[in-house]
Each structure stands twice: as structure tokens, then as C-alpha cells.
Amino acid sequence: MSVLKSIESRIAGLVEGTFSRAFRSEVRPVEIARRLAREMEEHKTVSVSRTYVPNEYTVWLSAQDRRRVAGYEQALRGELAGYLLEHARRERLALLTSPAVSFATDEQLGLGEFGIQARLVHPDEDPASAPRQGEGGRTMVYSAAGRLREPLSEPMSPRPAAALLVDGRRVALGPEGAVLGRSRECDVVLGDQNVSRRHAEVRPSGGSWVIADLGSTNGVRVNGRPVSTAQSLQPGDAIELGGARVLFELG
């Protein structure tokens, strides 16, 4: 297992363990980690010999979600910062300092929504060492409203194990599901050029599994029908992403 996947697995473990109650809402640590990496990728600053990326990130949560994680923020900040550091090293992206992640509350966000603000900040001792991005980047807001919501006061429903059949191989789905796309950062990498870098996600919802489009160019089809919102999956369903075809299985 790569270091990056190891860190991601630890974050996923927080969901199943200590953080299970805190993130019984739609906001999940692994989802935040992946969005942070996406913001890092999308805010590059190219110099003569290096590609710099933001080193400070603020994660904005709704008041209700923030209250649930108040006692665990320090541990989560450390895991997320480690995830970003390994992502930058793997992609050969330059950081002015080690990544720092903080949390803040935005009263305008609803349950299950979160925002990310990425900033490239110079060390105080050397303010002219690299390009400056500015005092603050634009805050990107993400919503998981397409997920089927579960009562916060009730235990999670038992969910059968699931897998995807991809090019003749069987890929078991972990407790957080899997992102499918052309990017090597995806859990399931598809080589078809018509597949977007982050095309779709198969994820648990209640006692079942759903698939959702992540804003792909060519869309998602299940058994030949276009998917516009998160859709429940049944054993044997054929998932089409661009020119790639994947089968969903249970057990």
C-alpha cells in the first residue's frame, strides 16, 4: 500500500471509528481530503523551474457539522495536512511550507455542505522567494445533497460488501466507496480517453450503494439510462463512463 493510500485509509478509519458520530452527516473526512487535493491541483502557480501550490487551506463547515467535530479537529487537521503533503510530493508540486489545514464555521452553509479556501502564503522570513497568489483564494463550496440522508440518532444500517468488475478484474469497494476516473489519484483508474479525470463515485448510502456523477464531461449511464442525480445500484447493473463499462456486484 502506498503512503498516500495509507493516509487515506487512516482518514477512512476515522469515519468508522472515532469520527462515526461526528460525520454521520453528509460531510466525511475522506471526501474533504479528496476535495482538498483537487483544490491544490486547481490552484497551481508556475515559476521558471517549479510549480507551486497553496500551502494553507481553510475548510468551512455548517454550524451543525462544526459542533460535531469540535472535539476532534486537531487530529483531523493533522491527517488532512499529511494527506496534502504526500499528494504534493507524489505529483512533484512545490510547497513554500508544510500544508496547514484549519476549520471555520459559515452560518450560510447547510448540513452536508462545506467550503474550501486555498491560499499560497509566503514564509515571513522570505516573502520574495516565489510567486504570490494573493491574500486569499476563492472559496469553493461543495455539497453532498445527492446522498440519501440517514437519521443522525440511529445506528448505520448494515450494508452488504460490494465490488466492481473492471476490465476482467474484480475491485472490492472499501467502506467509503470509490472514485472512478482517469486520474491516478482515483480509487479505480480507467484508461479510456472519454473518461474524465474524476468521473464518478460509487459510495455507500444507508444500507445500499449509489453512484453519482462528479461533474464529468461525458456523463454516467446505468443500464443505458443517463444518471442525473445519485442513483441506487443493484447487482449486475452496467455502469458506463465515457467509453468504459463497469459492472456492479454485491458480496
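## Exercises on a predicted fold

Arg203 counts as buried, with a relative accessibility of 6% (buried means under 20% relative accessible area, exposed over 50%, and partly exposed in between, using a 1.4 Å probe and protein chains only). The model is predicted: local features need pLDDT of at least 70 and side-chain atom pairs count only at pLDDT 80 or more, while totals for chains, interfaces and linings use all residues. Residues are numbered from 1 along each chain as its sequence is written, and side-chain values use heavy atoms, with hydrogens and water left out.

**Exercise 1. Find the salt-bridge partner of Arg203, and say which network the pair belongs to.**

Step 1. Recall the criterion: a salt bridge is a side-chain nitrogen of Lys or Arg within 4 Å of a carboxyl oxygen of Asp or Glu.

Step 2. Apply it to Arg203. The partner is Glu201, with the closest N and O atoms 3.3 Å apart.

Step 3. Check the surroundings of the partner. Glu201 is buried, at a relative accessible area of 8%, and Arg203 is buried too, at 6%.

Step 4. Widen the view. Arg34, Asp187, Glu201 and Arg203 are linked in a network of salt bridges.

**Exercise 2. Which parts of the chain does the salt bridge between Glu56 and Arg119 link?**

Step 1. Start from the total: the whole structure has 12 salt bridges.

Step 2. Pick out this pair. Glu56 and Arg119 have their closest N and O atoms 3.3 Å apart.

Step 3. Place both ends. Glu56 lies in strand 3 (residues 56-61) and Arg119 in strand 5 (residues 113-119), so these are distant parts of the chain, 63 residues apart (helices, H or I with at least four residues, and strands, E with at least two, are DSSP runs numbered from the N terminus).

Step 4. Look at accessibility. Glu56 is partly exposed at 31%, and Arg119 is partly exposed at 21%.

**Exercise 3. Work out the strand order of the open sheet of six strands, then locate a salt bridge that involves its strand 8.**

Step 1. Set the rule: two strands pair if DSSP finds at least two bridges between them.

Step 2. Read off the order. The six strands run 8-7-17-16-13-14, with antiparallel pairing. Strand 8 and strand 14 (225-226) are the edges, each pairing on one side only.

Step 3. Zoom in on one edge. Strand 7 (residues 162-166) pairs with strand 8 over four bridges, and Ala163 stands opposite Ala172.

Step 4. Add the side chains. Arg170 and Glu249 meet in a salt bridge at 3.2 Å, N to O. Arg170 belongs to strand 8 (residues 169-172) and Glu249 to strand 17 (residues 244-250), 79 residues apart. Arg170 is partly exposed at 47%, as is Glu249 at 26%.

**Exercise 4. Which strands does strand 12 pair with?**

Step 1. Take strand 11 (residues 200-205). Strand 12 (residues 208-213) pairs with strand 11 in the antiparallel sense over six bridges, and Ser205 has Ser208 as its bridge partner.

Step 2. Take strand 15 (residues 231-232). Two bridges join strand 12 to strand 15, again antiparallel, and Val210 stands opposite Ser232.

**Exercise 5. Describe how helix 2 and helix 4 pack.**

Step 1. Get the geometry. The axes of helix 2 (residues 29-42) and helix 4 (residues 73-90) come within 10 Å and cross at roughly 40° (axes are lines fitted to C-alpha atoms, for helices over the stretch in contact, and angles run from 0 to 180 degrees between N-to-C directions).

Step 2. Classify the angle. The two helices are therefore oblique to each other; angles under 35 degrees count as roughly parallel, over 145 as roughly antiparallel, 65 to 115 as roughly perpendicular and the rest as oblique.

Step 3. List residues in contact (heavy atoms within 4.5 Å). Helix 2 contributes residues including Ile32, Leu36 and Met40, and helix 4 residues including Leu76, Leu80 and Leu84.

**Exercise 6. Where are Arg92 and Asn223 found, and what is the sign of phi in each?**

Step 1. Remember the background: most residues other than glycine have a negative phi.

Step 2. Arg92 has a positive phi of about 60° and sits in the loop between helix 4 and strand 4 (100-105). Arg92 is exposed at 77%.

Step 3. Asn223 has a positive phi of about 55° and is in the loop between strand 13 (220-222) and strand 14. Asn223 is partly exposed at 47%.
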